[in-house]
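Please open the structure in a viewer and keep the sequence at hand. The tour proceeds by selection, one stop at a time.

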Amino acid sequence: MTTAATRHSDRRISPVFLGILAVAAVTGWATWTGYAQQPGVAVFLFVTSAWVVSLCLHEYAHARTALHSGDLTIGAKGYLTLNPLKYTHALLSIVLPVLFVIMGGIGLPGGAVFIERDRIRGRWRHSLISAAGPLTNVLFALVCTAPFWLDALDGVPAGFRFALAFLALLQVTAAILNFLPVPGLDGYGVIEPWLSPRIKRQVEPFAPFGLLFVFALLWVPALNGAFFDVIDFILRRLGIGALDQYCGYDLYRFWQDTHELCSVSR
């Protein structure tokens, strides 16, 4: 019997995703070559489109792992096409994470593909489904930082280097936030299968507010400073210094005056 998940059309990559990928490729080229009239605009479009690509891959990882774990309805829902418009809430999945990048330079975890958990057997499978998304962010961060930790920056234009540094920062923040064991985030999904039914019932009402709780904590200056100290520590271990991080965000916000240390000549 052929299931919805096995139809070729359910796995065909969406033109929407290909369009976003094309924007990332063209603006990445413009950033690399200095072709853009305003380097900051190219960096903004490159980082934003690449960030959306990473969000799509994050959700795809959840969906693909769920499919191989027993939820054969994933394909019919369009989650295997990488189309962000198929997610359960486009505002939370794409728009809100992009706005948080623009406003605060932080990788907000996106939401969500709907997985029919009752079709999946085994606690390890449930944990792996939840972990698959943030592990994709980890992989994306390693790719972005590869020129830094491989000491292969010779010939890499400054603008592209700064853009990669900022994109890596977004991936690291997204991975850390997602892995927090807070209801509503993937980290809680990893440990939830191992909790007692009593604890699950007690925690369930707080799940819709988990992300809001995390960001409320980040408004506390001491906690915010500690959080970004952790991010800086990780990025430095991956070869990205404070200047690269700062200039990436500075160029990204092209509507503001660019610091002279971050100026990129055409």
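The stops below concern salt bridges and then a pocket.

This is a predicted model, in which local features need pLDDT of at least 70 and side-chain atom pairs count only at pLDDT 80 or more, while totals for chains, interfaces and linings use all residues. Residues are numbered from 1 along each chain as its sequence is written, and side-chain values use heavy atoms, with hydrogens and water left out.

Select Lys77 and Glu116, whose side chains form a salt bridge at 3.3 Å, N to O (a side-chain nitrogen of Lys or Arg within 4 Å of a carboxyl oxygen of Asp or Glu). This pair links distant parts of the chain, 39 residues apart: Lys77 is in the loop between α3 (39-69) and α4, and Glu116 in the loop between α4 and α5 (123-149). Helices are DSSP runs (H or I, at least four residues), numbered from the N terminus.

Add Arg119, which meets Glu116 in a salt bridge of 2.6 Å, N to O.

Move next to Arg236 and Asp232, a salt bridge with its closest N and O atoms 2.8 Å apart. Both residues lie in helix α10, 4 residues apart, about one turn of the helix. Returning to the earlier selection, salt bridges that share partners join Lys77, Glu116 and Arg119 into one network. The whole structure has 4 salt bridges.

Finally, select Phe100, Met103, Gly104, Ile106, Phe215, Leu218, Trp219, Asn224 and Phe228, which line the second largest pocket. A pocket is an open set of points on a 1 Å grid over the protein atoms alone, where a 1.4 Å probe fits, with protein on both sides within 12 Å along at least five of seven lines; lining residues have an atom within 4 Å of a point. Helix α4 (90-104) is among those that each supply at least two lining residues, and its share, 3 residues, is the largest.
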